[in-house]
Amino acid sequence: MSHWGFPKPRLERGMEPWRPNPRNPMDRIYPKTFCFNFRNLLYANGRKLCYLCFQVEREDDFSYNDSDRGVFRNKVHPWARCHAEQCFLSWFRDQYPYRDEYYNVTWFVSWSPCPTCAEEVVEFLEEYRNLTLSIFTSRLYYFGDPNYQEGLCTLRDAGVQLDIMSYDDFKHCWDNFVYNKGMRFQRWNLLKDYDFLAAELQEILRNPMDRIDPYTFHFHFPNLLYANGRKLCYLCFQVEREDDFSYNDSDRGVFRNKVRTPCPPPRALSGRSRVRGQ
Ligand SMILES: [Zn+2]
């Protein structure tokens, strides 16, 4: 029996024993766990767990250190269910209470977010207006389900950069989130269905956004000679027919450029405390 009085759960493949503190991330994961759970597959049987490798960079100096990265995994235990994304959001709110600083957050996830997590991420981004989030996913969760597709579009509309994990992303994860024991990254057939998944995601996100929110507009559209932190380009369009100069809702929308921000350089150790703001 655990000290909470619940019976011990049966451990599934790749699952570590449950820890009472849901907030602390793991430092790294084992190579087998990484290769099994992060493989680009269109259909992936037996992979019930979702891993989320994250790194948080402060915009002021583009620096990060060991305390600003880690790995979360979804909690699947009956009394402590929590998706990996929710674990991160809870941890981040605790670690980074300052909402006026600029943060670049990158996630590498084995499964794309579900609609519930997508909604929670959008609420989180409304709390942290100075935060940009990039999500690189290995696989698309229920990609044929319109609700899941809508969740991804909701994230995109909230300014999240979404893409399928590429070779560079796998290598970056291997170097920074895996106990690699000095072994160099190899492809190991990890990118098996990359082309299919990239095309599928492109199709899901193909249509333009209807509108952008006021904050996005006010941040990205001012006439500025020098505009720091504005890597994205928004294009609002409308199409009018020449014959009667009329147009309707279907003839207007907003596109945003697709940017792949380069992965940060290899780890730069510094003395920054793990627990900030305390
Ligand atoms: Zn979820």
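1. On helix 3, the face turned away from the buried side carries the exposed residues Glu123, Glu126 and Glu127, where a residue is called exposed if 12 or fewer other C-beta atoms lie within 10 Å of its own, buried if there are 20 or more, and partly exposed in between, the C-beta atoms being placed from the backbone. Helices (H or I, at least four residues) and strands (E, at least two) are DSSP runs, numbered from the N terminus.

2. The model is a predicted one, in which local features need pLDDT of at least 70 and side-chain atom pairs count only at pLDDT 80 or more, whereas totals for chains, interfaces and linings use all residues. Residues are numbered from 1 along each chain as its sequence is written.

3. The buried residues of helix 3 are Cys117, Ala118, Val121 and Phe124. Seen down the helix axis, these buried residues fall within an arc of 120°, so they line one face of helix 3; the arc is that of the directions from the axis to the C-beta atoms. Their cover includes helix 2 (84-95) and helix 4 (146-157).

4. Taken as a whole, the protein has seven helices and seven strands, which run α-β-β-α-β-α-β-α-β-α-α-α-β-β from the N terminus on. Of its 278 residues, 27% count as buried.

5. Strand 2 and strand 6 deserve to be read one after the other. Five of the five residues of strand 2 (residues 69-73) are buried, so this strand is largely enclosed by the rest of the structure, with Arg69, Val71 and Arg73 on one side and Gly70 and Phe72 on the other. Strand 6 (residues 234-238), by contrast, is hardly covered, the count of buried residues among its five residues being zero.

6. Each of these strands has an antiparallel neighbour, pairing being taken as at least two bridges found by DSSP between two strands. Strand 1 (residues 51-58) is joined to strand 2 by five bridges, and tyrosine 51 has arginine 73 as its bridge partner in strand 2. Strand 6 is joined to strand 7 (residues 252-256) by five bridges, and the partner of glutamine 238 in strand 7 is arginine 252.

7. Tyr51 also belongs to the residues with the most contacts inside the largest nonpolar core, which has 46 residues; such a core is a set of buried Ala, Val, Leu, Ile, Met, Phe, Trp, Tyr and Cys residues joined through C-beta atoms within 7 Å. Not counting residues up to four places away in sequence, tyrosine 51 touches residues including Ile29, Phe38, Val71, Ala84 and Val109, contact meaning C-beta atoms, placed from the backbone, within 7 Å.

Terms used
Contact = placed C-beta atoms within 7 Å.
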